[in-house]
Structure formats: structure tokens, C-alpha cells
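Biologist: Please take me through one part of this model in detail. Pick a single strand, start from one residue in it, and work outward to its surroundings.

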Amino acid sequence: MLGISRNFPKRNFSAIKDLELTLGILKPDLTQHPFNLNLVREMIVENNFLVIRSKIIKMDRRKAEEFYAEHRGKFFFNRLVSFMTSGPCQPLILAKENSIQSWRELMGPTKVFKSRFSDPESIRGRFGLTDTRNSSHGSDSVITAEQEMKFFFPEFSPTQFYAAESRDFCHGNYEFDAESFVHKKISLHSTNLG
Ligand code: RTP
Ligand code: MG
């Protein structure tokens with residue numbers, strides 16, 4: 001269902017200055033709508049986000065409640081947790097200069113009934129269904145980005161990424177794997193062996 005591949009555009013390989021990491025989630029309303037899911041994936045690549053890590057998971061109630069703990073007690077909490085456990089989610093580690101703000105701009109405002117008018121070309125403006133079923137999540141600060149990356153990708157180390165991978169990405173030394181929806185560092189060793 002989620003393994004659709006289309007021809008994604010290649011980005012212009014110019015040097016990038018500083019990659020910032022953020023955590024995005026493609027929510028169940030999107031993952032259960034393959035045509036829209038693929039359009040959003042295209043938006044991500046076209047907007048020059050590098051997809052550093054990507055996985056598809058199904059959250060159980062405990063995990064979703066933990067992720068949204070800051071919203072416990074709010075009127076939409078139960079609805080939000082039920083929605084987030086209703087189907088697969090695709091958490092993503094995204095990299096770009098100023099990625100936290102840039103990803104939130106691409107998502108558009110939280111409230112879909114607003115974003116359809118104010119930001120019709122954003123992810124939520126184009127694909128969101130309701131104020132809760134709003135297609136995507138994005139970290140709102142450097143601190144939450146770190147916490148949320150750890151929550152979904154405990155095996156990923158930002159320190160290790162900056163030490164071992166980010167330079168290659170900054171210099172365009174990567175390729176895009178549409179099937180797994182991730183940008184991969186090109187191993188010069190393996191290409192030389194041909
Ligand atoms: P997110 O955390 O998902 O990136 O969204 P956000 O910062 O823009 O919004 P936030 O206030 O953190 O709310 C988290 C998620 O709760 C759902 N929500 N439903 N009135 C409602 O029904 C309502 N309000 C918020 C949305 O899924 C929102 O993204
Ligand atoms: Mg939030």
C-alpha cells in the first residue's frame with residue numbers, strides 16, 4: 001500500500017550550509033490515501049528536504065498517549081489518540097537549512113478549516129480533512145525535535161549524523177531511494193568497485 005514509486009525530481013546539487021534536523025510524521029489520514037501520500041512525498045522532495053530516516057509504524061494507544069502527553073486533558077486528546085492509532089504513521093527525520101520552521105510552513109496551520117483558505121498549497125491546506133485529521137506533524141523547536149527523533153528513532157544519533165553523514169549531504173553526495181523514501185549517502189567505495 002505504501003510502496004508506490006514515481007519519478008521524484010532531483011534537487012539541484014548545490015552546497016548546503018547548515019543542515020537542521022526535524023521530526024515529521026505523515027499521519028494515518030495520509031498513509032491510508034496512497035495517491036495523496038505520494039503527492040505529499042513529492043512536495044517534501046521538491047521543497048528540498050532531505051529524508052534522513054523514514055519508517056512506517058502502527059502506534060498503539062500507550063505510545064500515542066505518550067507522544068501527545070502535553071495535550072492530555074484537552075478536549076481533543078482522546079480524538080487525537082484514537083486517530084493516531086487508527087492506521088499506519090510514517091515518522092520522518094528531515095534535514096534542511098532551517099528545517100523546523102520550513103517544515104511547519106510546508107505543513108500549514110494546524111486548523112485545516114483555516115489552512116484551506118490561508119495556505120491552500122500547504123500539506124494541510126491541500127489534504128487535511130479536519131482540525132484533528134490534519135495529515136502531518138512537525139516538531140516545534142530544536143528541543144522537541146531532539147526528543148521526538150529519539151522517540152521514533154532511538155537508534156539514530158544526531159551527534160553521529162553531524163560527525164559522519166551531514167558533510168556528504170551538504171555536498172550533494174547522496175541519492176534518493178524512492179522505494180524506501182529516503183536519501184542515502186553514496187558510498188564512493190561501492191561505486192568505484194562498480
Ligand atoms: P503537530 O503537533 O501535529 O505538528 O500540530 P501543531 O503543533 O500544529 O498542533 P498542536 O497544537 O500541537 O496539536 C497537536 C495535534 O492535535 C490535533 N488537534 N486537534 N481542535 C482540534 O480538534 C484539534 N486541535 C489540535 C491536531 O492533529 C494537531 O496537529
Ligand atoms: Mg504540536
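Modeller: Start with L26, which lies in strand 1. This is a predicted model, so confidence comes up again further down.

Is L26 buried or exposed? L26 has 26 other C-beta atoms within 10 Å. The cut-off for a buried residue is 20 or more, so L26 counts as buried. Leaving out residues up to four places away in sequence, L26 touches T31, L37, V40, C89, Q90 and S136. Two of these names return below with their strands: strand 3 covers residues 90-96, and strand 4 covers 136-138. I56 can be placed relative to L26 as well. L26 and I56 are 30 residues apart in sequence, and their C-alpha atoms are 9.3 Å apart in space.

Now widen the view to the strand. Strand 1 takes in residues 20-26. Six of its seven residues are buried, so strand 1 is largely enclosed by the rest of the structure.

Next, the partners. Strand 1 pairs with strand 3 in the antiparallel sense, over seven bridges. Within that pairing, T22 has L94 as its bridge partner. L23 has I93. Strand 1 also pairs with strand 4, again in the antiparallel sense, over three bridges. Here G24 is matched with G138 of strand 4. In general, strands of a sheet pair through backbone hydrogen bonds, either parallel or antiparallel.

These pairings belong to an open sheet. Four strands make it up, in the order 2-3-1-4, with antiparallel pairing. Its edges are strand 2 (50-54) and strand 4 (136-138), each of which pairs on one side only. Neighbouring strands of this sheet are turned by 30° against each other on average, ignoring direction.

A helix packs here too. Helix 8, residues 142-152, lies across strand 1 and strand 3. Helix 8 runs at about 55° to strand 1.

Strand 4 leads on to the ligand. G138, the bridge partner of G24, is one of the residues around ligand 1. The others in that shell are H71, F76, L80, T110, D131, T132, N134, H137 and D140. By class, the shell has two nonpolar, six polar and two charged residues.

For contrast, take P120. P120 sits in the loop between helix 6 (112-118) and helix 7 (123-127). P120 has 11 other C-beta atoms within 10 Å, so it is exposed. Beyond four places in sequence, P120 touches G125 and R126. P120 and G108 are twelve residues apart in sequence and 8.4 Å apart in space, C-alpha to C-alpha.

Now set the strand in the whole chain. The protein chain has eleven helices and six strands. Of its 194 residues, 32% count as buried. Among contacts with a separation of 6 or more, 68% are between residues 24 or more positions apart.

Last, confidence. The mean pLDDT of the protein chain is 91, and 88% of its residues reach 70 or more. Residues 1-7 stay under 50. For that stretch the model has twelve contacts beyond four places in sequence.

To return to the start: L26 is buried, and six of the seven residues of strand 1 are buried. Strand 1 pairs with strand 3 and with strand 4, and helix 8 lies across strand 1.

Terms used: Residues numbered from 1 in each chain as written. Chains lettered and ligands numbered in written order. Predicted model: local features only at pLDDT ≥ 70, side-chain atom pairs only at ≥ 80, totals over all residues. Helix = DSSP H or I, 4+ residues; strand = E, 2+ residues; numbered from the N terminus. Buried ≥ 20, exposed ≤ 12 C-beta atoms within 10 Å, placed from the backbone. Contact = placed C-beta atoms within 7 Å. Near = placed C-beta within 6 Å. Nonpolar A, V, L, I, M, F, W, Y, C, P; charged D, E, K, R; others polar. pLDDT = per-residue confidence, 0-100. Pairing = 2+ DSSP bridges. Axes fitted to C-alpha atoms, helices over the stretch in contact; angles between N-to-C directions.
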